[in-house]
Every structure is written in structure tokens, then in C-alpha cells.
Amino acid sequence: MRSKVVPVLWGCFLLWNLYISTSQTIYPGIKARITQRALDYGVQSGMEIIEQMAKEKNIPNLSGSETLEFLKIDYVNYNFSNIKINAFSFPNTSLTFVPGVGIKALSNHGSANISTDWEIRSPLYQDAGGADLFLSGIYFTGILILTQDDFGHPTLKLQDCYAQVSHAHVSFFGELSVLYNSFAEPMEKPILRNLNGKLCPIVINEVEALNVNLSTLEILTKIDNYTLLDYSLIGPPEVTENYLDLNLKGAFYPLDDLSDPPFSPAPFELPERRDSMLYIGISEYFLRSAFFAHFTAGAFSVTLSTKEISHHFSQNAQGIGILLSRIAEIYILSQPFMLRVMATEPPRVTLQPGNFTLDIPASIIVLTQTENSTVEPIVSMDFVASTSVGLAILGQRLICSLSLNRFRLSLPESNRSDIKVLRFENVLSSILHFGVLPLANTKLQQGFPLPNPHKISLVNSDIEVLEGFLVISTDLKYEMPSKQQTSFHGWGGLDLINGQWKRQPAP
């Protein structure tokens, strides 16, 4: 009997572990897909960036000691200092995806013109001067691997680096330049050997320096006075032969509470497309968390005075007069009144192919101020406003606008036969159409920031609503600054928050 029970227990244990591991799977709120077109554009614009950086780069001195047998000199100590790259060319450079690994960089037939000061010392003499060094046959290959640290910052690692310069020609300047140039060729071989040994360490050091800057990038961005947006990476990228997918947290939080919302993101897959450089998938979870965070922070509440209502209805002065008269007539008001509209639940998001709708459960309260300055409610009712959401890409932001489809009143049982309440239905429709929605659309014009690195703009952008998520298709344009900055600026021109909001490392 015992022999039969043990396998059953092991089976239950394995099933439980499988359930636990599945239930703990974290899905992204945002997906960013980089295609081969983006890599090809990166080669084009990247060469300009590298050239500008190389010209400003402080290259470490190159020193060593060599035996010049053809001159019968036991040793010559040399030092090249003040090394400057004046120009270089890498005509055959490519970036390609390595499935399951990263991005492979390959460059050959490169060349560079370098100027330097030199100094030599030997048992017989010493001298100094200037020189030009022409390098050709430059070859480089390596695989760039992108991962994330415990905080969700991106990190880079260079793997399988190999760099070699095939030919070097040095021309000396100075009083004895004719003499030096006559035996420059034998000196070129030790220069190449020394240089080739330093190329990969130099590139690896540059990658490590970039990682230091990436580690300071704030992944929590303040959106407005109510919420933060978490852009952290939640796992390593998915690399295929044709693209690289980045999985971002994509969740909103109230300013004073970084607890996850009481719902989880659902998995979604971007469509197999390659026409654009970048595809950004925005899940329903991203939008739901935005509305939930704003609701929790108290952002979905507005109180309008008679004067403010008149301002929002200014496009139809005759209509507002009639509206206010009807409200006063219904409730026999002789004193000024206010309208308070507030969401009673977080708005409900529905994404269907070609259709984005938002249902907003809310209540509206008519308030009046008595002679002793106290505010008293006259009537209140609940309603659900069903709106269609229009979408547009403006600059680096996703802009939304609302239009009212319909609304449904939800009245208390005791008020269902109240003629005053029933007459208020048309008034409420006008308030929503011409007062509340324009005010909401003004706020929505601030938009949601889209992830994009510094100095890179989104161009030729298009947006599509699919089942459960949005897809933004866009190309990229790099804006070369007048002078290359050494610091990393993160997500474009967004305001970065203070360190007190930094997320704790993942367990």
C-alpha cells in the first residue's frame, strides 16, 4: 500500500510546484520590439555618434620597450601621448540579431588617422616630437548582451570580443624626422602588437562606463501630481532572428503607494511585422493601472461652480442660460449652486479590434450654499458614462480624447418616480457633453510618455487597437547634438524623480 501512496504524493507535489511557478509568472504591461530596420538605422546614425565621441575621447598613453636589432640597440623605451583620432572610416559595419543571445556587431576594412606626440629613450640618446599614424585593415566583432539588474535597469555585456588592426604606417615630424622615417617600418610591428592587445579592453571599459550611467537611470517617472509610471525591465529580452523584444513593467502607482494594483497583466503577443523600426505594445493592464492609480489618488473628482460651468459652456451662451435656468427651476434655487462629479469606481477599459471604449461609473451631486456658508447636497444620483477613446501620437506621448456615447442613470428606488430627478436627465447629458468631457480632455492632452532614449524621436507613427492591447508602429530619428554629452539622459525629456521613489531590488 505504501508503495502506491508515495508516487501519488510525488505527483501531487510536482503539480503543486508547477502551479506555483505558473502563478508567479510576471507578464509585461509594455512590450517594445526592435527590428532589423532599427539596427540598420543604428549603424548609420551610430557611426556619426561614435566619430564625434572618438574625436573627443581621451585615449590613454601607449608605451613600451623594444629591441632594434637592425640598429644594434639593445632596447628603446617609447611613449606615445596626447593621442587624438582625427578621422576614421568603417565602411563595412553591420548589426544582426543572434537568436537567444543578443546583437552581433561586425566591422571590417576600417581605417583611422591618428596624431600623437612621441618620446623615445635609449642608452645612447633620447628624443621627442610628433607623428601621424594611419591604421588600416581594422576588424572588430563582438556580441552585445542586454540583461537587467536587480532594480530593473538595463545592463550591457560584451561577449566574444575580437579586434585587430592589420596595417600601421607612422610618419614622424621633427629635426631628425628623415632619419626616423627611414626605420619607421620596423617600429610599426610592435606598435600593432601593443595596440591590438588594448583594443578589446578599451571597448569593454566603454561598455562598463555606460553601465554605470544606466544604473543611475530613474525607472520610476513622475507623470503628474497624482501618479508614477514604472518602466523597469522585468526580464531579459527575447531575441529572435528578426527582432528583439523588451518586456517592461508598464504599471502606474499613486505617488505615495507603490503597491501593485489588485489585478494582473495578461500575456499578449505583438503581431509579426517588420516594416517599422520599433513596435510598442501597450496592454490593457497598462491602461487599467493608470485609471486605478488616478482613482486611488483622488484625481477623478471635480466640483464646478456656476461661474465655472458658464466658462465651460462659453461656446453656447444661450444654451448655458437655459441650462442654468432649468436647474434652478427644477430645484427652486435662488442661491448659487455647485455640481460635483466624481468617479465611484476606476473606469473600465475595453480594447476590441478598432475600438477603445471606457465605461466610467460616477455620481453627480447638486450642492447649494446656505446663508451660513455651509454646503448642502440637494440631489445626487449615480450614472455610468460610456465613452469612445480617440488615440494619437504627439511627439513622444500617447494622447487620448473622450467622446460620450451614452450614459445610464442608476437611481435609488425611492427616487425613481421623482419628477425632478427624471427631468434632470437631459441636464446631466448636457453637463457631460459640454462641461465634464472637455475638462477631462484638457487633462488628457498631457498624454502618457512613451519609452524612447535621449535625442531619439518617434516619426511616421501609427497606432492600432487590437484585442486586449494597443500597437504603436514607428520609425526613429536621432537628433545629433551640437556637442556630444558624456552623461546618459534616460527617457527623453521626461522629468526624473528623486531617489526616495527608487524601487527596491527584486527578491
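In this predicted model, helix 5 offers a simple check of geometry: with 13 residues at 1.5 Å a residue, the helix should span 18 Å, and its end C-alpha atoms do lie 18 Å apart, so expectation and model agree. The buried residues of this helix, which runs over 284-296, are Y285, F286, L287, S289, A290, F291, A293 and H294. Helix 5 is followed by G298, a residue whose phi is positive, near 80 degrees.

Some of the buried residues of helix 5 also take part in the surroundings of G250, since Y285, F286 and S289 are among the residues with which G250 is in contact once its neighbours within four places in sequence are left aside. The other contacts of this kind are G29, I30, L229 and D230. G250 itself is placed in the loop between strand 11 (243-248) and strand 12 (251-254), and, because its relative accessible area is 0%, this glycine counts as buried. Although G250 and G29 stand 221 residues apart along the chain, their C-alpha atoms are separated by 4.3 Å.

Helix 5 further contributes to the lining of the second largest pocket, as do strands 14, 15, 17, 18 and 19 and helix 8 (419-444), each of these elements supplying at least two residues. Helix 8 gives the most, with seven residues. The pocket holds about 930 Å³ of space and is lined by 36 residues, of which A299, F300, A440, K443 and L444 lie nearest its centre. By class, this lining consists of 28 nonpolar, six polar and two charged residues.

Conventions. Residues are numbered from 1 along each chain as its sequence is written. This is a predicted model: local features need pLDDT of at least 70, side-chain atom pairs count only at pLDDT 80 or more; totals for chains, interfaces and linings use all residues. Side-chain values use heavy atoms; hydrogens and water are left out. On a 1 Å grid over the protein atoms alone, a cavity is a set of points where a 1.4 Å probe fits but cannot get out, and a pocket is an open set with protein on both sides within 12 Å along at least five of seven lines; lining residues have an atom within 4 Å of a point. Grid points are joined across faces, edges and corners, and a volume is the space filled by probe spheres set on the points. Helices (H or I, at least four residues) and strands (E, at least two) are DSSP runs, numbered from the N terminus. Ala, Val, Leu, Ile, Met, Phe, Trp, Tyr, Cys and Pro count as nonpolar, Asp, Glu, Lys and Arg as charged, and the others, Gly among them, as polar. The expected span of a helix is 1.5 Å times one less than its number of residues. Buried means under 20% relative accessible area, exposed over 50%, partly exposed in between (1.4 Å probe, protein chains only). Contact means heavy atoms within 4.5 Å.
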